[in-house]
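Me: Please show the sequence and the model, and then take the questions one at a time.

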Amino acid sequence: MDMDAPVGANALDAEKVVGKSLDRVDGRLKVTGGARYAYEMQQDALYGFVVEASIAKGEIASIETLAAERAPGVKLVLTYRNSPKQGTGNHREAHPVLTGPVVSRYGEPVAFVVAETFEQARAAAFLVNVRYDRDGGHYALPQHLDQARVPHQTDGAPADSEVGNFSDAYAGAPVQIDVSYSTPLQSHAMMEPHATLAMWDDDKLILHTANQMLNQGQQAIARTLNIPIGNVRLVSPFIGGGFGGKLWVNADAILAAIASRYLKRPVKVALTRQQIFHVTTHRSDTIQRIRLGTDRDGRIVAIGHDVFSGNFPSEQVYEAAALQTRSLYAGPNRLTRHRLVPLDIPVASSMRAPGEAVGLLALECAMDELAERLKLDPIELRIRNEPAEDPEKHIPYSSRNLVACMQEGARRFGWDKRNSIPGQVRDGHWLVGTGMSAGTRGNPLRYSRANVRLDPDGLATVKMAMTDIGTGTYTILAQIAAEMLGLPIERVRVDLGDTIFPEAAGSGGSFGAASSGSALFDACQALREKLAVRAGMDPNTARFGDGHIATAERSVSLTELVGSGIEAEGEISPGRNNQDFSQQSYGAHFAEVGVDRDTGEVRLRRMLGVFAAGRVLNAKTARSQAIGGMVFGVGAALHEDLVLDPRFGYFVNHDLAEYHVPVHADIPPGVEAIFLPELDERSNPLKSKGIGELGICGAGAAIANAIYNACGARIRSYPITLDKILTHLPTQA
Ligand code: MOS
């Protein structure tokens, strides 16, 4: 089905199974070790180990592999000299490896050592002796802003947007805010390292690989290896997190595939934690300038957002940090611009809520600065700028409940007790403050297909090439099928993570649940019709429940109708609703922090996120996604900082000892997320919106605003570490 019309009442509205706070159907497998991840498959494989380039730019002068080749257990040392010619494209399209002597980024694989054991491969990898001729390069974004250019990304939103006359309106505005914020390089830091087991059956490749979007990956691998797409199968039933770091094919998959074909044996490889930082993608740092011009009542007359980010020279993907600024607040004169700086560092790509996650860190703090200037409550300022329609596209919102989120959050959080003057509230040596932020994230829907089958034993089986990266996809799909077919959830089996199943969008961009769930909805709808026809009933009025199909007059057990088994296919396409309606999810974040008056140390004390994101498919997994996103926001505000050495173009803190993400001790018990009731009739047949990324959107800004309220330090460079706060602290008597 295409999303071209409002959804109307449907079988999911009963919410007998959907929406409930159900445990994950794969939970037991995971906690008992029964869920097998890519690196845990097939025990008789050879092991590969990546040798990374130790310069950022230059050329391999010589590469000696003899010692490695003679080392115990070694079967193969791949370098550019013995690697096959591969297809090319941007990082989404292809991932050629070992293509020649030129080195264009630090950590780029220069050799791949395959041996009988992991230890042998690793030991031999250290025997590969590479000498380089080093060139100079451009590494640090702030040093090369003069190189910025307009990105020409062909998919997605345009780099610039302009409505009215921003510069005149801003110049004439009685109240003006002109502030610049910076956000650092970040790394996904998912739990499971990138890993692949490759094997060939004649000319057919099977890859067990950790990948978020299998059908995209299948295409990229076929293109890279110059083989037909039908000869590539990706298998990935369990994935230990991704956050965008596994959206696209990485070197592990291609190296394992090439080596396995060469050796005619399965080859497996996992990147080490340290390797992940350079060998895979990261989130670009950003420099953002926000200009807000208002009238004396705080109504925005001009809103401008300029963003600089960096990427590898051949890439066009930019950090779309001004995206939310195009739809979040009203105002007749608007200007947003993204500029991309070519840098000789690893490829920058999507990381959880690409765009909004860091864009809101700037916009929502600028709004806080504006509220203070106007002596307005930050919530009141936002309410005064609530738009009636999308202010740039001039189309209606599919649904928008930002104000309700802010008001409900304010009530629950006790916002009315806030002292808006910084530095007034103390608790021992802690300066205590509160802050809030609005949150929003785009709501995409992507083409997906699904197959559902009902067997004589009464078991329904769902098949899709969808992935579950830890979000709960298995569970919400089982709930949707159970609800639609009137079965208990125990009677639904969900098979995901294999490209032999119908094509699916995969997990990314917060489109996973909506896209896969809607395709499954459509398949179940088709199956209901087939069953109704067999029962001699009108499909529009027949009810499904307790394993039966029923009308007012009679009831038939489904097992009597299925024969030897009955199945149906379904699909979803975005349709017109995406162009005709402005689709976003919304939320409001509230944070309370303590800032140590002597050291500037920041401790989160409590946090509340209130979200409006359409139908909640599972209260438990939704809450878990939201809180996980909020914790991600805590990391963005306080911890995460991938430090680049501007001289040599490498990431200094490329491990989890020094790349800090929040740990349990950073997150107090009082972190809560709630969802307001909402059904979006334009989003998809589930009436849901994406929630995988909403939780992070705005969360960090609420913390930054709370820090300001606590101690008067307005830090515009993330992360807000204590060294930046220290000089702003009130001097002690
Ligand atoms: Mo997401 S950054 O599209 O995994």
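**Backbone, domains and salt bridges**

Reply: Leucine 98 is found in the loop between β3 (74–78) and β4 (102–103), where helices (H or I, at least four residues) and strands (E, at least two) are DSSP runs numbered from the N terminus. This is a predicted model, in which local features need pLDDT of at least 70 and side-chain atom pairs count only at pLDDT 80 or more, while totals for chains, interfaces and linings use all residues. Residues are numbered from 1 along each chain as its sequence is written, and side-chain values use heavy atoms, with hydrogens and water left out.

Me: What phi does leucine 98 have?

Reply: Most residues other than glycine have a negative phi. Leucine 98 is not a glycine, yet its phi is positive, at about 50°.

Me: Which peptide bond is cis, with omega near -5°?

Reply: Most peptide bonds are trans. Proline 719 lies in the loop between α16 and α17 (722–726). The cis bond is the one from tyrosine 718 to proline 719.

Me: How many residue pairs are in polar contact between domain 2 and domain 3?

Reply: The domain assignment, which is automatic or from a database, gives domain 2 as 286–444 + 580–726 and domain 3 as 446–573. The two bury about 1,200 Å² between them, 61% of it on carbon and sulfur atoms; buried area is the accessible area (1.4 Å probe) that two parts lose on being put together, summed over both. Across this interface the rule finds zero salt bridges (a side-chain nitrogen of Lys or Arg within 4 Å of a carboxyl oxygen of Asp or Glu). For polar contacts (N or O atoms within 3.5 Å; within protein, one able to donate a hydrogen and the other to accept it, and residues adjacent in sequence counting only if both atoms are side-chain atoms), the count is three residue pairs, both residues at pLDDT 80 or more.

Me: Which residue forms a salt bridge with lysine 687?

Reply: A search of the whole structure finds 44 salt bridges. In the bridge of lysine 687, the closest N and O atoms are 3.1 Å apart. This pair links distant parts of the chain, 674 residues apart, with lysine 687 in the loop between β29 (671–675) and α16 (699–711) and its partner in the segment before α1 (27–31). The partner is aspartate 13.
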